[in-house]
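Hi everyone, thanks for making time this morning. I'd like to walk you through one structure, so let me put it up on the screen.

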Amino acid sequence: MGNKYFAHFCTITKHRWIVFKLCCRAGIPWRGLVHDLSKYSPTEFIESAKFYQGIRSPIPVARNVQGYSKAWLHHKGRNKHHIEYWYDPEVPDKFPIIPYKYAVEMICDGLAAGIVYNGKNWTPSTQLRYWEYKRKTALANERIKDLLTEVYTQVSKYGINKTINPKNLKKLYNQYCIEDNENKES
Ligand SMILES: [Zn+2]
């Protein structure tokens, strides 16, 4: 019992450390420092420790058993690096374009989660394959989806170091989320 709590604490902390390193590389160290802090709150921590898996997220398991995950509902409402935070079916723009720093934090989060859960089996194309599967049901702005596909494709081709840096990420964000948008409006 106590073991699961300790193991879950280690998984969160290890994940946050990898996100922090990636966010520093991406030029958004502060986002890396405060990433996923709500996972230490009782609402998220206790449920996720109870359904601890080690090699994958406890959230789908909690959903299976309980019908919903209280940890996830708490998490997505407080963390702007999740596409679900921005989705609101009640407003005209249901899927807004996520601001740059949170979009980049999301990219670092995805890569870090893949690295932690896959361990030695991780390859530069792990995240692209995972995202292509997730994309089918993701409720997000198409531009943001295209940005993620492009970034993860670049990681699979050129690796993390060449892809995750401020110059490349700003260029891609402008290209996918800003330039086209302005053209569309004018
Ligand atoms: Zn998160």
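Let me begin with lysine 39, which counts as partly exposed because its relative accessibility is 24%. Please keep in mind as we go that this is a predicted model.

What does lysine 39 pair with? Its side chain meets that of aspartate 36 in a salt bridge, at 3.0 Å from N to O. Aspartate 36 itself is buried, since its relative accessibility is 1%. So here a partly exposed lysine 39 is joined to a buried aspartate 36 by a salt bridge.

Aspartate 36 takes us straight to the metal. Which residues coordinate the zinc ion? They are Asp36 through OD, and His75, His81 and His82 through NE2, at 2.1 to 2.3 Å. Along the chain, the donors of the zinc ion are spaced as D-x38-H-x5-H-H.

Now, the geometry. Why is the arrangement around the zinc ion irregular? The 4 donor atoms subtend angles of 81 to 163°, and that spread makes it irregular. To count as tetrahedral, all angles would have to lie between 85 and 135 degrees. For reference, the ideal angle for four tetrahedral donors is 109.5 degrees.

How accessible are the histidines? Histidine 75 is buried, with a relative accessible area of 5%. Histidine 82 counts as buried too, at 14% relative accessibility.

Histidine 75 has another partner I'd like you to see. Its side chain and that of glutamate 44 are joined by a polar contact of 2.8 Å. Glutamate 44 sits in helix H3, which covers residues 42-50. What does glutamate 44 touch, leaving aside residues up to four places away in sequence? The list is Ser38, Lys39, Ala71, His74 and His75. So our starting residue, Lys39, turns up again here.

What about a salt bridge for glutamate 44? There is none, although glutamate 44 is buried. The nearest side chain of opposite charge belongs to arginine 78, and that is 5.7 Å away. A salt bridge would need the nitrogen and the carboxyl oxygen within 4 Å.

Let's move on to another set of charges. How many salt bridges does a search of the whole structure find? The count is 5. Besides the aspartate 36 and lysine 39 pair, have a look at arginine 135. Arginine 135 forms a salt bridge with aspartate 146, with the closest N and O atoms 2.8 Å apart. Aspartate 146 is in helix H9 and arginine 135 is in helix H8, so this pair ties together parts that are 11 residues apart in sequence. Through shared partners, salt bridges join Arg135, Glu142, Lys145 and Asp146 into one network.

Within that network, arginine 135 also forms a salt bridge with glutamate 142, where the closest N and O atoms are 3.3 Å apart. As for accessibility, arginine 135 is partly exposed at 22%, glutamate 142 is partly exposed at 46%, and aspartate 146 is partly exposed at 33%.

One last stop: leucine 139. Where does leucine 139 lie? It is in the loop between helix H8 (126-135) and helix H9 (142-158). Leucine 139 counts as partly exposed, at 43% relative accessibility. Not counting residues up to four places away in sequence, leucine 139 touches Ile83, Tyr87 and Phe95. And for a sense of distance, the C-alpha atoms of leucine 139 and proline 42 are separated by 28 Å, with their positions 97 residues apart along the chain.

That's my tour, and I'm happy to take questions.

Definitions and conventions: Residues are numbered from 1 along each chain as its sequence is written. This is a predicted model: local features need pLDDT of at least 70, side-chain atom pairs count only at pLDDT 80 or more; totals for chains, interfaces and linings use all residues. Side-chain values use heavy atoms; hydrogens and water are left out. Donors are N, O and S atoms within 2.8 Å of the metal (3.2 Å for Na, K and Ca); water is not among the atoms, so sites may look incomplete. Four donors count as tetrahedral if all angles lie between 85 and 135 degrees; four count as square planar and six as octahedral if opposite donors are over 155 degrees apart and all others between 65 and 115; anything else is irregular. Buried means under 20% relative accessible area, exposed over 50%, partly exposed in between (1.4 Å probe, protein chains only). Helices (H or I, at least four residues) and strands (E, at least two) are DSSP runs, numbered from the N terminus. Lys and Arg count as positive and Asp and Glu as negative; His and the chain ends are not counted. A polar contact is a pair of N or O atoms within 3.5 Å; within protein, one must be able to donate a hydrogen and the other to accept it, and residues adjacent in sequence count only if both atoms are side-chain atoms. Contact means heavy atoms within 4.5 Å.
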